[in-house]
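Hi everyone, thanks for coming. I'd like to walk you through a pocket and a helix pair, so please have a look at the structure first.

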Amino acid sequence: MSFIVKNTTLLNPLDLIAPHSCRGCGAIGSALCDCCKNNIIANRKAIKLKSTGRNFPSAFVVDHRSKLIGTLIHDYKYNSVRALATPLAKLLGQTIPAIDGQVVIVPLPTISKHIRERGFDHTLLIAKKFTRLRGKNYKVKKVLLRNKNTIQVGANKSSRIKQAEMAYIKNNKISIDKNTTYILFDDVWTTGASMKSAVKKLREAGAKKIIVALLAMS
Ligand SMILES: [Zn+2]
């Protein structure tokens, strides 16, 4: 058996001792103990997303990235600690209010290269766990896909916004229902360009009820 550890990967030393030790307090048993999970919910402050502009949907954010949630996301994504998918989905469940009727969670599509590097699709996995916690009226659908025809147009701010606007396309295999609530889900809000672009695409496709869910705000 061999392990391939890329030199870009920051290993959490706790992983070498006990893969399932709590990222908050070090207790052995799970990647996030119930106590630390409940502390995140109990101690967080209200979060307002920056520069959303007018007509942006209601947004629900678990916590600030500088807090424990930031460590959890990092370990989950870059150290492939998949055991964190369930606690992260539970945190999301304690953040998004109950919704009546049909609900579709739409993970913002991950770049395929990143899925290959990490060995799993991090937002899709949390979305699936979240729907399982919620019940039968919740489904995950890949309503948005990455636009493979995007061209690299540079790294300044206006180029990045332009790139984000072209990042997604609507999946033609999935039809939009105006009575369904769509939850657009991503891990971290940084500039918000990706999420704004996703909201726009979903609206253009005919979605009337949209909410936004994020694990953290930068
Ligand atoms: Zn703990």
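**The largest pocket**

So, this is a predicted model, and I'll begin with its largest pocket, which is lined by 34 residues. If you want to find the centre, look for I111, H114, R146, Y168 and S194, the lining residues that lie nearest to it. The volume of this pocket comes to about 1000 Å³.

Which elements give two or more residues to the lining? There are helices α3 (68-78), α5 (112-118), α6 (122-134), α7 (157-165) and α8 (193-204), along with strand β6 (181-189). Of these, β6 gives the most, with 4 residues.

And what about the character of the lining? Here we have 13 nonpolar residues, 13 polar ones and 8 charged ones.

**A helix pair**

Now let's stay with α3, since we have just met it in the pocket lining, and turn to its partner α4, residues 85-93. As a reminder, two packed helices are described by the angle between their axes and the distance between the axes. In our case, the axes of α3 and α4 come within 10 Å and cross at roughly 140°. That angle makes α3 oblique to α4, as angles over 145 degrees would be needed for roughly antiparallel. The crossing is left-handed.

Which residues make the contact? From α3 we have I69, L72 and Y76, and from α4 there are A85, L88 and L91. The contact residues divide into 6 nonpolar, no polar and no charged, while the pocket lining has 8 charged residues.

That's my tour, and I'm happy to go back to any view.

How values were computed
Residues are numbered from 1 along each chain as its sequence is written. This is a predicted model: local features need pLDDT of at least 70, side-chain atom pairs count only at pLDDT 80 or more; totals for chains, interfaces and linings use all residues. Side-chain values use heavy atoms; hydrogens and water are left out. On a 1 Å grid over the protein atoms alone, a cavity is a set of points where a 1.4 Å probe fits but cannot get out, and a pocket is an open set with protein on both sides within 12 Å along at least five of seven lines; lining residues have an atom within 4 Å of a point. Grid points are joined across faces, edges and corners, and a volume is the space filled by probe spheres set on the points. Ala, Val, Leu, Ile, Met, Phe, Trp, Tyr, Cys and Pro count as nonpolar, Asp, Glu, Lys and Arg as charged, and the others, Gly among them, as polar. Axes are lines fitted to C-alpha atoms, for helices over the stretch in contact, and angles run from 0 to 180 degrees between N-to-C directions. Angles under 35 degrees count as roughly parallel, over 145 as roughly antiparallel, 65 to 115 as roughly perpendicular and the rest as oblique. A crossing is left-handed if the near helix is turned anticlockwise from the far one by less than a right angle, and right-handed if clockwise. Contact means heavy atoms within 4.5 Å.
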